[in-house]
Amino acid sequence: MSQTYRLPQGGRIDRSQPLTVRFNGKALQGYRGDTLASILLANGQHLVGRSFKYHRPRGILSHGSDEPSALLSVNWRAERGPGFTDPNNRASVVEAREGLETRSQNHWPSLEFDLGAVNDLLSPIFVAGFYYKTFMWPRKFWDSVYEPVIRAAAGLGKAPEVPDGDRYSNRHAHCDVLVVGAGPAGLAAALAASKDGAARVILADEGREPGGALLHDLGSTIDGKPASDWVAEAVATLDARENVVVLPRTTAFGYYNHNHVVMVERVADHRVDAAAGLPRERLWQVRAGRVILATGSHERPLVFANNDRPGIMLAESVRVFVNRYAVAPGRRIVFATSGASAYTAALDARRAGIDVTLVDLRLEEDCGPELGELRAVGVEVLTGHTVVDATGRKRVTGLVVAPIGRDGRVGARRTLPCDAVGMSGGWTPAVHLFSQSRGKLRFDVELDAFVPGQSVQAETSAGACRGLYDLAAVVADGFRAGGAEQPVEASASRTGFQPARVLPTDADPAKVRAFIDFQNDVTAKDIKLAVREGFESIEHVKRYTTTGMATDQGKTSNMNALGLVAGLLDKEIPAVGTTTFRPPYTPVTFGALIGPSRDALFEPVRKTALHQWAESQGAAFENVALWKRAWYFPKAGEDMHRAVSRECKAVRETVGIFDASTLGKIEVVGPDAAEFMNRIYTNAWTKLEPGRCRYGLMLREDGYVMDDGVVARLAHDRFHVTTTTGGAARVLQHMEDYLQTEWPELDVFLTSITEQWAVIALQGPKAREVIAPFVSDIDLDPAAFPHMAVRTGYICGVPTRLFRVSFTGELGYEINVPADYAESVWKTLWERGQTLGMVPYGTETMHVLRAEKGYIIVGQETDGTVSPDDLGLGGLVSKVKPDFIGKRSLARPDLVGSGRKQLVGLLGKDPAEVLDEGAQIVATPDQPVPMTMIGHVTSSYHSPNCGRSIAMAMLVDGRSRIGETLYVTTPSGFTTATVCEPVFFEPKGERFNA
Amino acid sequence: MLVITCPNCGDRPELEFRCGGEAHIARPQTPAELDDGQWGAFLFTRTNPKGVHAERWIHQHGCGRWFNALRDTVSDRLIATYPMGTPRPDAGAGAAPSSPASPTSQP
Amino acid sequence: MRRFSLTTLVKQAMNAHAGWERQWRNPEPKASYDAVIVGGGGHGLATAYYLAKEHGLTNVAVLERGWIGGGNTGRNTTIVRSNYLYDESAGLYEHAMKLWEGLSQDLNYNVMFSQRGVLMLAHNVHDVQSFKRHIYANRLNGVDNEWLSAEECKAFCPPLTLDPNIRYPVMGGALQRRGGTARHDAVAWGYARGADARGVDIIQNCEVLGLKRNRDGSVAGVETSRGFIGAKRVGVVAAGHTSVVMNRFGLRMPLESFPLQALVSEPVKPVFPCVVMSNAVHAYISQSDKGELVIGAGTDQYVSYSQQGGIHITNHTLDAICELFPQFTRMRMLRSWGGIVDVTPDRSPIIGKTEVSGLYVNCGWGTGGFKATPGSGHVFAHTIATGEPHKINAPFALDRFRTGRLIDEAAAAAVAH
Amino acid sequence: MLETGRLARRAAVLPAASVTRGAVVIRPLGAQSRFSLRTRPATAEALGTVAGFTLALPINRMSTAGERTSLRLGPDEWLLIGPEAETDELAEAVSAEFGERVFSLVDVSHRNVGIEITGRNAAHVLNAGCPLDLAEAAFPVGMATRTVLGKAEIVLARTGVDAWRVECWRSFATYVHGFLGEGALDFVAVTG
């Protein structure tokens with residue numbers, strides 16, 4: 001029974017390499033060189049799926065990437081476990097290989113017997129856009145009943161359920177000439193373009209081997225050679241040229257700006273023996289000096305009743321299966337056509353021993369020499385005939401045809417028994433990439449097709465994709481596009497067709513179900529309905545009927561739909577419009593688009609030089625921008641709350657050690673450094689002496705707080721600026737922007753030193769005691785080295801910029817050391833510190849300690865709409881400086897008016913209750929919704945040092961509300977809290993002077 | 001992804017650049033003298049043209065320098081790039097694309 | 001207007017659907033109208049609909065440069081939610097939400113408004129704090145929004161990974177159950193049909209070229225590609241092209257237009273029950289009724305009217321999606337497209353009067369306009385009909401860029417719109 | 001003052017060992033001294049070289065003399081690389097030669113991490129994440145520039161036909177190193 005439809009000889013298959021694939025569990029035999037489609041057909045399996053809406057039986061329509069119907073779920077590597085299955089693979093492009101497990105889709109319980117087919121019976125109701133007209137009542141039923149039912153019915157295959165077992169790779173590439181498509185035009189173009197060895201040429205083709213249509217062309221000759229020989233020579237020549245990269249199995253799917261063409265190469269799926277690390281697919285992002293599009297053309301189906309029956313396929317596809325794969329799609333094939341090319345297919349089928357009949361819509365006198373040629377080999381040809389129906393359900397059994405009289409009337413029906421049909425309604429140039437490049441399409445009436453018009457990018461189309469169908473002309477056009485015109489001799493091709501829209505029929509057109517979009521089940525009737533309802537732009541028709549919106553993106557349907565609409569409106573086709581083609585040409589896996597940006601490489605994980613130590617101590621980490629920061633250091637059995645409480649107390653009682661390395665650091669150097677700082681920050685810098693630090697506040701030009709940080713003046717012309725962790729890059733960019741574009745006259749240079757210096761913060765009464773033994777060249781005496789001062793010297797023998805600063809209110813140092821030394825220095829300090837009761841602490845404790853002191857965190861207390869005065873930091877805004885970034889905005893009406901939110905402290909009624917950060921504040925809960933909100937909680941913690949909960953809030957006119965009791969939301973309702981000054985611990989602020 | 005001609009580094013992929021919005025909006029010398037309307041216009045009003053647009057770019061992941069560019073916002077074609085502080089080149093129809101500076105060119 | 005219902009559908013089915021009439025007429029423009037709406041997207045059509053329905057103003061034309069619904073209306077990812085932080089925004093979007101909830105019935109057109117829930121994921125401590133601020137503010141504003149733990153997020157959206165080893169593990173999420181999606185085209189068509197039935201002229205292929213003003217400076221009408229059309233009032237609702245139209249009128253706007261890309265996957269059986277948004281990794285995703293995963297990407301960085309962006313934007317969006325849903329790497333991108341989004345400095349819309357008497361503008365919706373469509377049209381119609389803003393859109397006046405009274409949701413919340 | 005004499009030890013962020021994948025070798029470089037030098041182009045032109053570092057270079061070119069390499073990354077920016085042991089001496093020498101001229105010299109020895117990648121397919125591996133044209137004609141030996149690799153910023157220098165130096169910031173080194181290793185997987189083996 002195996003391969004009963006395999007022809008005894010011929011084909012570009014390797015009969016010495018048999019293989020087995022599974023289809024719905026059944027083993028099917030084939031050969032290396034087959035596609036899934038050719039194996040299915042070789043084994044007589046025409047029914048391969050169910051349609052999207054009506055669940056009609058569907059077969060294989062085409063042999064290429066335009067296939068709308070034969071979509072299979074494929075498990076590519078069952079032997080490697082789960083994670084290798086995906087849906088909606090076109091059987092016509094999946095290369096067969098040993099071990100593929102495939103399944104048909106969209107049916108229940110089985111492909112042969114599908115209950116969903118009941119939809120087909122309801123098709124009179126399920127017309128285009130029916131869902132817009134019903135399912136509105138009862139209102140609740142849409143979410144609960146109608147929509148779930150519609151969804152369950154739609155959707156083709158099943159999404160993968162487990163993470164992918166494959167990897168994908170990415171490659172940026174450049175070339176002088178990119179040739180897309182390796183058919184006759186593309187090969188010729190590549191040959192011509194690569195003659196100059198200095199020109200880098202990439203030739204990409206979606207097929208497994210170059211050659212395009214010539215791979216199934218047994219009759220044609222080029223320059224006296226059989227076409228296949230010409231291909232072989234061309235490929236050999238290109239392979240021998242070092243300046244050429246030939247990429248088979250590579251689909252150019254996107255043509256983006258500035259000649260950026262993106263392609264996907266299928267690397268592993270076709271290999272039985274792919275190494276585990278081999279990428280499944282590779283994304284090629286090619287920047288080409290010039291692009292030659294040689295993308296060929298697509299054949300149009302004919303639109304007649306039941307034209308979707310399995311066994312009915314495109315005429316050229318019949319030819320491909322016969323010639324390239326040595327498969328007979330049927331024993332008795334009827335070709336139906338309105339043009340000449342199908343005669344070639346019929347001739348080839350006949351030559352392969354298949355019983356052939358041909359029906360031509362054209363009148364006898366409109367046909368060319370092909371008519372005589374076919375009749376000469378004894379094939380019955382019916383000219384001037386239309387197709388009015390197809391019989392059979394799961395496989396076509398006959399084509400019902402009828403003569404069309406001179407008056408257009410349809411004559412007596414006649415059924416031509418058959419088990420396969422090859423149809424051809426002419427050809428459509430594949431202008432997708434040209435259109436994506438934003439080239440303007442031009443409608444050619446002679447060709448009945450859109451062809452490339454004005455180019456917008458450096459690009460040329462060649463061959464069939466611009467409407468050339470004669471082989472000699474195609475090859476010559478390829479040479480021309482490649483830059484070397486040369487005469488070409490080739491055997492004549494059978495070209496030319498009469499546009500056929502919906503075929504004439506004697507049946508009631510309202511009852512005929514003639515499919516235009518096979519996958520989305522759009523019939524001619526649907527399109528007529530859309531037009532009747534006023535959808536006249538082709539975009540409206542598409543959206544209303546969904547024609548052209550399926551996974552084949554309308555490759556087989558667009559022209560038929562457009563022609564029909566134009567006919568109905570009695571307009572020229574261009575007046576109806578054409579679709580602007582968008583990427584991708586064929587569907588592309590997310591995996592290929594992502595490439596390596598997965599798992600550990602999804603985004604950089606920035607870790608400090610002290611990360612490993614913290615990890616070894618069992619620290620919990622939090623994400624802050626791209627950084628991992630130690631959050632808290634739980635001891636055995638401690639939860640976060642307990643760990644933080646312990647850390648908080650220890651810092652104020654003894655000393656804590658903290659990794660502050662992630663703070664942004666910028667070295668501002670130059671004679672105009674102070675002037676630059678004056679313009680960037682709200683406060684004044686001129687008088688800051690070298691060796692001293694100052695807290696700086698920075699605004700955006702709109703007057704709102706952008707960032708803050710301590711700045712040290714290292715020398716007259718050198719500042720060491722710190723920023724928030726998240727703001728580091730932003731602040732540097734902001735500074736560079738102003739420096740370069742507004743004040744280029746300033747002699748200042750900015751350098752990021754965030755990663756040069758790791759920062760070890762020691763905070764607490766014993767901080768000095770811990771560091772003293774290790775510091776050299778710096779006098780630590782408080783008189784010599786007071787709070788808010790900076791010194792350079794050595795610690796543990798390595799250079800340090802030692803800041804005496806405090807974000808806790810305690811005596812504190814921030815020890816900047818070169819990053820590679822940080823761990824060693826830290827461990828030394830830790831060793832000593834342990835004897836003094838030192839603890840490591842994380843960002844959570846840092847937050848609590850600063851909140852106890854009422855210090856703000858930009859991004860927590862501020863949210864991009866907060867001014868310095870709102871924060872109570874008006875004193876940091878220089879009244880003297882004539883200008884700085886944001887100064888003018890501070891004078892705008894809304895920033896000077898009352899009613900702004902101001903920073904306050906909040907003490908909850910219950911000292912044990914920690915308010916929710918983000919909780920909203922109201923004056924009274926006894927008001928209707930929507931309530932008037934007067935503020936929100938920005939920071940809230942349990943403060944072990946205050947022995948109670950504390951919170952900071954932004955509150956409307958907050959500073960005048962000190963002492964008021966207000967209501968704060970809780971998950972279940974409200975609680976009360978009293979407004980206070982935002983300082984909770986040691987309001988006098990002297991401890992840091994210790 | 002655009003190709004942008006950095007005046008210092010030549011043709012480079014857009015990934016290396018950051019766009020800074022409309023060019024030639026100089027910060028007022030004395031902001032205090034502007035009324036709220038004028039200041040608001042400086043901060044927020046933009047030409048947003050459909051056609052040739054003068055805009056600022058920085059070669060962030062390259063030489064780190066700001067420069068200006070003329071680009072057609074319909075075709076996204078880059079027409080010219082030019083240094084900060086120089087006037088907008090004639091952007092009339094048919095203006096030739098700037099010749100890309102060679103990567104070795106001196107500033 | 002023939003009413004849509006199951007009954008008429010079945011009746012028509014028996015009649016081979018021969019009796020359906022045009023959903024809207026294709027009229028020639030009249031010499032003048034009481035009001036002209038420039039822009040036939042969802043917002044413009046909704047404005048016309050409510051002008052007719054709520055204000056009895058039926059001598060109205062909608063002028064559309066191309067085909068109605070062809071701009072951002074037909075290019076967005078159809079997310080509807082109203083859980084905005086600030087009172088002004090919550091008021092506006094919740095107003096829209098309430099209209100959404102009865103829109104199919106009001107229009108007699110099934111816009112497939114599906115309240116499948118919008119889940120916004122928190123990936124860091126700051127997100128958690130910010131979402132709670134939203135949730136509390138929403139509660140007091142009468143907008144539903146609730147906090148879900150990570151496990152609850154997973155239960156609500158089973159494809160979501162809770163793998164603690166991903167770059168930004170999910171710490172929880174804010175869920176608006178009333179949020180969801182709608183069928184974008186149907187919104188435009190439903191409003192068009194409803195407006196047309198009330199007498200509004202919908203005029204496609206009519207580009208507005210200029211504004212004519214009376215001697216007192218007030219609006220006299222618009223010059224169009226189909227000739228002069230008189231109008232007492234003109235409302236510009238031109239989305240990405242607002243600056244272009246207003247420039248033709250001699251006005252400059254605080255707007256920039258950026259490409260915004262989106263994409264869909266091939267259709268698959270139901271796998272994704274809700275809408276998920278993640279600001280930390282910049283991604284949003286839902287599944288359409290047809291089965292396609294609908295995925296929104298970010299904007300490109302430069303002004304462009306090309307409706308095309310770079311593929312790197314798509315790539316970044318998808319790597320974020322696959323970080324949260326690693327099983328989707330084998331899904332395929334079927335279709336991608338771009339829109340032109342007009343963005344204001346505070347990323348909130350402008351709905352109100354202009355310095356020209358009789359000229360009104362509704363723009364600046366950035367990446368978030370679809371969800372507001374009914375509310376936007378409703379308050380804009382009020383503004384045009386009465387000459388004064390509705391209290392809901394009063395805060396969204398153009399003047400806020402002078403006073404500094406910005407409504408900066410993005411800055412406040414770092415939440416994608 | 002018991003322990004002041006003890007010198008802290010350096011701890012590199014990347015393991016010293018090379019990764020070999022196919023014909024590609026990825027080798028983290030050891031400690032070196034590095035400075036970001038900034039000055040006006042005219043000043044650099046006038047000086048020509050400082051402390052053995054060539055400044056008069058075209059933008060995006062590098063120059064090596066002995067153990068001293070200068071990379072001109074922009075019109076007013078040079079990355080100077082020298083032996084680790086000479087950090088202080090180099091700084092002093094550069095400063096001395098600039099004298100009163102306007103310049104900025106900032107030690108970034110620990111900010112950056114260097115990785116060498118060599119082999120026939122090294123350029124392809126870089127092109128997994130670097131969008132530049134790395135053909136010899138477009139990126140000749142001796143070219144050096146800041147660019148991107150995936151989601152990280154790097155400085156990329158071609159030190160030989162098949163030899164490259166990648167510099168990145170310390171906290172990006174694990175990512176960059178991992179990215180290169182991942183990219184090199186493409187060249188391990190086709191069949192397994």
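**Notes on the chain contacts and chain shapes**

1. Let's start where chain B meets chain D: six residue pairs, both members at pLDDT 80 or more, are in polar contact across that interface. A polar contact here is a pair of N or O atoms within 3.5 Å; within protein, one must be able to donate a hydrogen and the other to accept it, and residues adjacent in sequence count only if both atoms are side-chain atoms. Sorted by class, chain B's side of this interface has six nonpolar, eight polar and three charged residues. (Ala, Val, Leu, Ile, Met, Phe, Trp, Tyr, Cys and Pro count as nonpolar, Asp, Glu, Lys and Arg as charged, and the others, Gly among them, as polar.)

2. Before going on, remember that this is a predicted model, where local features need pLDDT of at least 70, side-chain atom pairs count only at pLDDT 80 or more, and totals for chains, interfaces and linings use all residues. Residues are numbered from 1 along each chain as its sequence is written, chains are lettered from A and ligands numbered from 1 in the order in which they are written, and side-chain values use heavy atoms, leaving out hydrogens and water.

3. Back to B and D: 17 residues of chain B touch 22 residues of chain D, contact meaning heavy atoms within 4.5 Å. Together they bury about 1500 Å², with 54% of it on carbon and sulfur atoms. (Buried area is the accessible area, with a 1.4 Å probe, that two parts lose on being put together, summed over both.) There is one salt bridge across this interface, a side-chain nitrogen of Lys or Arg within 4 Å of a carboxyl oxygen of Asp or Glu. Look for B:Arg65 and D:Asp76, whose closest N and O atoms are 3.2 Å apart.

4. Now chains C and A. Here 107 residues from chain C meet 125 residues from chain A, and about 9700 Å² is buried, 54% of it from carbon and sulfur atoms. On chain C, the residues losing the most area to chain A are C:Leu140, C:Arg167 and C:Arg330, together 10% of what that side buries.

5. How many salt bridges cross between C and A? Ten; one of the pairs to look at is C:Arg405 with A:Asp894, at 2.4 Å from N to O. There are also 67 residue pairs in polar contact, both at pLDDT 80 or more. Helix α5 (residues 125-140) gives the largest share of chain C's side, nine residues. By class, that side has 47 nonpolar, 35 polar and 25 charged residues.

6. A pair of strands also crosses this interface: β31 (residues 588-589) of chain A and β16 (residues 332-343) of chain C run antiparallel, joined by two bridges. Strands pair if DSSP finds at least two bridges between them. A:Thr589 has C:Arg332 as its bridge partner.

7. Chain A has 23 helices and 51 strands, both being DSSP runs numbered from the N terminus: helices are H or I with at least four residues, strands E with at least two. Its radius of gyration is 38 Å, well over the 30 Å that the globule rule gives for 994 residues, so chain A is more spread out than a compact globule. (The radius is taken over C-alpha atoms, and the rule is 2.2 Å times the number of residues to the power 0.38.)

8. Chain D has four helices and 13 strands. Its radius of gyration, 18 Å, agrees with the value near 16 Å for a compact globule of 192 residues.
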